[in-house]
Amino acid sequence: MQNHSFAPLKTKRSKVQRIMFPLMLICALLSLLVTGSKDALAQDYDIDRISRAVVQVKVEDGAGSGSLLIRNNELLVLTNKHVMEGFQDAFIGVLSDINSPSELKFKAELKGFSDDYDVAVLRITGDLDGNPVTAEKLKQGAYGFPFAELKLPAKETEVRRGEHVGVFGYPGVVEDELVYTTGIVSAVQYGEYEGRRLPLWYRTNAEISPGNSGGTVVNSRGEFIGIPTYVANQEVTGSRLGSLFAAEFAIAIIDDEEELLTDWADATRSDDERLDLSKEPSFGLATLTTADLSAIHQQEIVSGGNINSRYLGNECLGYVASAPDYRVVLTETQAELFISFVSREAGDDTALLVNMPNGEWRCNDDYSDTTLDPGLVIENAAQGQYDIWVGSYSSESFITGDLALSNTHIVASENLAAQLNLSGDPYSGELYLASGFKPDPHRIEIIAGGAVNLASSDVSGCTGHVGINPDIRLHWQGEAGTLQFYFLAVDGSADSTLLINAPNGSWHCNDDANADTLNPGFTFESAESGIYDIWVGTYRESTWIDGKLHITEQAVRVD
């Protein structure tokens with residue numbers, strides 16, 4: 001037998017081979033990456049079929065999304081708590097035509113919500129005419145659309161990072177249209193419910209917009225795994241990451257009916273989510289007698305805040321601040337107490353909330369069919385403290401208007417004439433100066449303007465539009481010397497006015513300090529000690545002018 005030894009065969013590649021080999025290797029790697037990406041984003045479900053089970057949830061002040069489920073032969077809608085917050089009833093829209101906007105089909109009532117998690121469940125009570133709706137007829141397509149139940153994952157199914165997700169909902173960027181977006185699971189967070197370890201949150205890069213809240217998320221097999229709930233934004237980079245509340249966790253909650261709440265007033269809320277009766281009112285307080293109410297008591301208010309008052313129930317709605325806007329103490333019981341708010345601009349939508357001396361809440365949105373202004377009539381109004389909030393219908397709206405209290409009638413825009421309130425808290429605070437003060441002149445930033453038309457007020461010979469309360473209250477101590485007030489607008493072409501109530505009660509006003517300026521000024525040659533209430537106004541109605549009020553002991557020419 002012969003022995004043979006073999007050495008590795010060495011060959012020399014050509015120049016073309018040396019170039020092509022790495023390119024082929026790169027292409028192969030890219031192919032693997034693309035294949036892997038396709039696998040991660042692969043889907044095996046009928047989008048149109050699932051869309052039939054994704055509903056639109058409409059309440060009085062907006063809309064969200066939900067998933068239509070059959071549990072224990074009940075027709076339920078699973079959604080986010082914040083979609084229904086403050087409401088007991090909703091309308092449910094479905095896709096009768098898969099390529100058309102949703103169509104309202106059903107009425108639903110709140111079955112319950114979680115106090116700890118952003119989950120609520122509704123029970124469908126009937127069609128729009130009040131006729132009963134059954135699960136069997138729904139499955140048979142008796143309500144104008146072919147319903148197909150959402151599939152839930154098998155118990156052993158685990159959603160992992162990188163898995164494909166499809167998000168269904170009504171985002172609001174297009175009116176009443178169902179939108180489908182896709183992405184992957186970026187992270188998974190587990191939690192515990194009733195001793196069970198369950199997926200709690202899935203994070204995703206799929207596009208989620210307002211209105212998607214409460215919608216439906218499925219995995220690559222079309223199984224219902226989550227509810228779009230909120231989006232976290234990174235301000236520096238602009239990156240977004242959606243948070244999906246795990247369907248398994250949500251269903252465990254709604255199946256535990258003893259833990260569900262049905263009254264929004266029972267919900268646990270943090271201090272910054274509640275109205276706080278202990279806080280000082282933002283626009284002051286007043287002690288009112290029967291005579292005061294007979295003459296109509298008015299107070300300028302700016303509505304709005306970041307707290308949704310619907311949790312109070314009792315028809316309370318609107319976004320308000322934590323602190324009361326105004327506090328009233330009645331010295332005597334009134335047969336009737338009329339409280340109303342009149343906004344300055346037609347079309348502004350506001351709401352009124354009043355906490356009574358006995359702790360009861362009274363609320364109103366529109367006091368008649370012809371106005372968006374709110375009003376309340378309280379019969380046998382007891383003496384004591386009334387805390388009042390004025391809310392805006394939308395969360396980022398701040399509306400200027402006049403709160404009015406009377407014991408004879410609701411005060412409406414046609415019979416409300418704003419008047420000066422000498423006793424009102426000055427908008428820019430109180431100032432204490434004495435002779436020889438430094439620096440001279442003393443300057444205070446002011447925003448000129450307001451609702452009071454001086455031409456129709458009790459102050460004769462004055463023009464302009466000023467606020468109800470003074471802008472500045474000066475407490476002056478000095479010998480009978482020169483004291484000059486003048487206002488310089490940031491915009492030299494802006495036309496402002498000046499109104500002053502002197503310590504002896506006399507009124508003084510000015511439009512233009514001289515022929516060369518639109519800025520106003522007034523000089524007291526022998527200024528007596530005491531209180532000077534000062535208003536800075538605008539010549540034109542419904543305008544606001546930024547500038548600085550100057551106070552000096554020197555007689556200067558105003559430019």
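**Exercise 1. Decide whether Cys 316 is buried or exposed, and describe the disulfide to which Cys 316 belongs.**

Step 1. Cys 316 has a relative accessibility of 3% and therefore counts as buried, where buried means under 20% relative accessible area, exposed over 50%, and partly exposed in between, with a 1.4 Å probe and protein chains only. The model is a predicted one, in which local features need pLDDT of at least 70 and side-chain atom pairs count only at pLDDT 80 or more, while totals for chains, interfaces and linings use all residues. Residues are numbered from 1 along each chain as its sequence is written, and side-chain values use heavy atoms, with hydrogens and water left out.

Step 2. The partner of Cys 316 is Cys 363, with an S to S distance of 1.9 Å; a disulfide is here a pair of cysteine sulfur atoms within 2.5 Å. The link of Cys 316 and Cys 363 is right-handed, with 65 degrees about the S-S bond.

Step 3. The two cysteines come from distant parts of the chain, 47 residues apart, since Cys 316 sits in the loop between β15 (307–308) and β16 (319–320) and Cys 363 in strand β20 (residues 361–364). Helices (H or I, at least four residues) and strands (E, at least two) are DSSP runs, numbered from the N terminus. Cys 363 is buried as well, at 8% relative accessibility.

**Exercise 2. Find how many disulfides the structure holds, and work out the handedness of the one between Cys 462 and Cys 509.**

Step 1. There are two disulfides in the structure, and when the bonded cysteines are numbered in sequence order the pairing reads 1-2, 3-4.

Step 2. The sulfur atoms of Cys 462 and Cys 509 are 2.0 Å apart, and the torsion about their S-S bond is about -90 degrees, so this disulfide is left-handed. It links distant parts of the chain, with Cys 462 in the loop between β26 (452–453) and β27 (465–466) and Cys 509 in strand β31, 47 residues apart.

Step 3. Cys 462 is buried at 6% relative accessible area, whereas Cys 509 is partly exposed at 27%.

**Exercise 3. Follow strand β4 to its neighbours, and locate the nonpolar patch that includes Phe 91.**

Step 1. Strand β4 (residues 89–94) runs antiparallel to strand β1 (residues 54–59), to which three bridges join it; two strands count as paired if DSSP finds at least two bridges between them. Within this pairing, Phe 91 in β4 is the bridge partner of Lys 58.

Step 2. Strand β4 is also joined by six bridges to strand β5 (residues 103–113), again in the antiparallel sense, and Ile 92 stands opposite Phe 106 in β5.

Step 3. Phe 91 forms a nonpolar surface patch together with Leu 104 and Leu 128, with about 240 Å² of accessible area together. Patches are made of residues with over 30% relative accessible area and no salt bridge, with like charges joined within 9 Å and nonpolar side chains (Val, Leu, Ile, Met, Phe, Trp, Tyr) within 5 Å, and accessible areas come from the Shrake-Rupley method with a 1.4 Å probe, where for residues only the protein chains shown count as cover. Leu 128 belongs to the loop between β6 (120–127) and α4 (135–139), and is partly exposed at 37%.

**Exercise 4. Compare the surroundings of three salt bridges, formed by Asp 176 with Lys 58, Asp 533 with Arg 473, and Arg 557 with Asp 516.**

Step 1. The structure holds 17 salt bridges, each being a side-chain nitrogen of Lys or Arg within 4 Å of a carboxyl oxygen of Asp or Glu. Asp 176 meets Lys 58 at 3.2 Å, N to O. Asp 176 lies in the loop between β7 (164–169) and β8 (179–193) and Lys 58 in strand β1, so the pair ties together parts 118 residues apart in sequence. Asp 176 is buried at 18%, while Lys 58 is partly exposed at 24%.

Step 2. The closest N and O atoms of Asp 533 and Arg 473 are 2.6 Å apart. Asp 533 is buried at 6%, and Arg 473 is buried at 9%.

Step 3. For Arg 557 and Asp 516 the closest N and O atoms are 2.3 Å apart. Arg 557 is exposed at 52%, and Asp 516 is exposed at 62%.
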